[in-house]
Amino acid sequence: MTEALTPRLISAVYANEVDTVEELLRQGASPTAPDAGGETPLYLAAVSGQSDIVRLLLEAGASPDTESRGQPGSEGLPLCAAACWGHDEVVRALLAHGADPDLREDDGTSYTPLMWAATNGHHRTAQLLLEGQADPDAGHRDRTPLMVAAERGSIAVVRALLHHGASPRLTDAQGRTACHLAREESGKDIESELRRKAGAAPDARCEVRRSPRPEGTELVELTVHAPDGTGGAEYHQETGHAAIVALLEENTPD
């Protein structure tokens, strides 16, 4: 009986039907069991930022550290999913229910939640994870959260990492510190750099959005549309590189 409720629970999560999720859990639906495709209810709610459903599932006994095994877009750890998209309320709920802030996706071989937050410039999310005792230097391969935040130009994330003890002296495989990475990007035209990274042709249909950040920098977002005008890939970076270089130099005494 309870197994039969799993597909209905998954459908209710997809539809963000909080009352239906609550009722199905009351009827005995498992808050943890994946559907036939390997998707878990908690991951789907976390990646969509459905904090009310996340809390219901956790209170019903869902494990915060169970990895979803669905198709691309529905696979991974709930905390990593929430951190990647900056869903702060979901991050709070998962940490409050014991989610491991240093657990890596893909069976321990990939990103930590903090790496996801730093990669995408979510400084409030990064702060929550650091306050939850995330290791500020736990990166992926030869890259640390501080390196990716510095290269992205996210000065608020860099400040949070330094405040919580991230080391500015660590280097990547090429011997570059976070300061070196920020300096390499400093002074570049961010829009042109995003177009280059996207591999966008000169005549490609591109939409650029610029948003001021509280630190006096900008968030630059580039959307490259398909030839038929439908949705396309998105790229984003911030303009805080020069300020990051100064901050890192100040925090790396000789």
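These are legends for a set of views of one protein chain, shown as a predicted model.

**Figure 1. The whole chain, as an overview.** Start here to get your bearings before the close-ups. The protein chain is built from 14 helices and five strands. With a radius of gyration of 20 Å, close to the 18 Å that the globule rule gives for 254 residues, the chain is as compact as a globular protein of that length. Along its principal axes, the C-alpha trace spans about 65 × 50 × 30 Å.

**Figure 2. Two assigned domains.** The domain assignment gives the chain a domain 1, covering 1-109, and a domain 2, covering 190-239. Their C-alpha centres sit 31 Å apart. Keep both domains in mind for the next view, since the lining of the largest pocket takes at least three residues from each of them.

**Figure 3. The largest pocket, seen from its lining.** This pocket holds a volume of about 720 Å³. Its lining counts 26 residues, and the ones closest to the centre are Thr119, Asn120, Gly121, Arg152 and His236. Quite a few elements chip in with two or more residues: the helices α5 (78-85), α8 (113-119), α9 (123-131), α10 (145-152) and α13 (190-198), along with the strands β4 (218-224) and β5 (233-238). The largest share, four residues, comes from β5. Sorted by class, the lining has eight nonpolar, nine polar and nine charged residues.

**Figure 4. The second largest pocket.** Here the volume is about 160 Å³. If you want to pick out the lining on screen, select Tyr43, Val47, Pro72, Gly73, Glu75, Cys80, Ala81, Cys84, Trp85, Glu105 and Trp116. Two helices, α3 (41-47) and α5, each supply at least two of the lining residues. Of the elements involved, α5 gives the most, with four residues. By class, the lining splits into eight nonpolar, one polar and two charged residues. Helix α5 is worth finding in both pocket views, as it also gives two or more residues to the lining of the largest pocket.

**Figure 5. A cavity inside the model.** Searching the whole structure turns up one cavity of 30 Å³ or more. The space in this largest cavity comes to about 30 Å³. Around it you'll find Pro31, Thr32, Thr40, Leu42, Ala62, Ser63 and Thr66. That lining is made up of three nonpolar and four polar residues, with no charged ones.

**Figure 6. The three-stranded sheet.** Strands of a sheet pair through backbone hydrogen bonds, either parallel or antiparallel. In this open sheet the strand order is β3-β4-β5, and the pairing is antiparallel. At the edges are β3 (206-212) and β5, each paired on one side only. From one strand to the next, the twist averages 15°. The edge strand β5 may look familiar from the pocket view, where it gives four residues to the lining of the largest pocket.

**Figure 7. The β3-β4 hairpin up close.** Zoom in on the strands β3 and β4, which run antiparallel and are joined by seven bridges. Two pairs make handy landmarks. Glutamate 207 faces threonine 223 in β4, while serine 211 has leucine 219 of β4 as its bridge partner. Together the two strands make a hairpin, with five residues between them. In the turn, look for glycine 216, which has a positive phi of about 90°. Strand β4 also turns up in the lining of the largest pocket, where it gives two or more residues.

Definitions and conventions:
Residues are numbered from 1 along each chain as its sequence is written. This is a predicted model: local features need pLDDT of at least 70, side-chain atom pairs count only at pLDDT 80 or more; totals for chains, interfaces and linings use all residues. Side-chain values use heavy atoms; hydrogens and water are left out. On a 1 Å grid over the protein atoms alone, a cavity is a set of points where a 1.4 Å probe fits but cannot get out, and a pocket is an open set with protein on both sides within 12 Å along at least five of seven lines; lining residues have an atom within 4 Å of a point. Grid points are joined across faces, edges and corners, and a volume is the space filled by probe spheres set on the points. Ala, Val, Leu, Ile, Met, Phe, Trp, Tyr, Cys and Pro count as nonpolar, Asp, Glu, Lys and Arg as charged, and the others, Gly among them, as polar. Domain bounds come from an automatic or database domain assignment. Two strands pair if DSSP finds at least two bridges between them. Axes are lines fitted to C-alpha atoms, for helices over the stretch in contact, and angles run from 0 to 180 degrees between N-to-C directions. The radius of gyration is taken over C-alpha atoms; the globule rule is 2.2 Å times the number of residues to the power 0.38.
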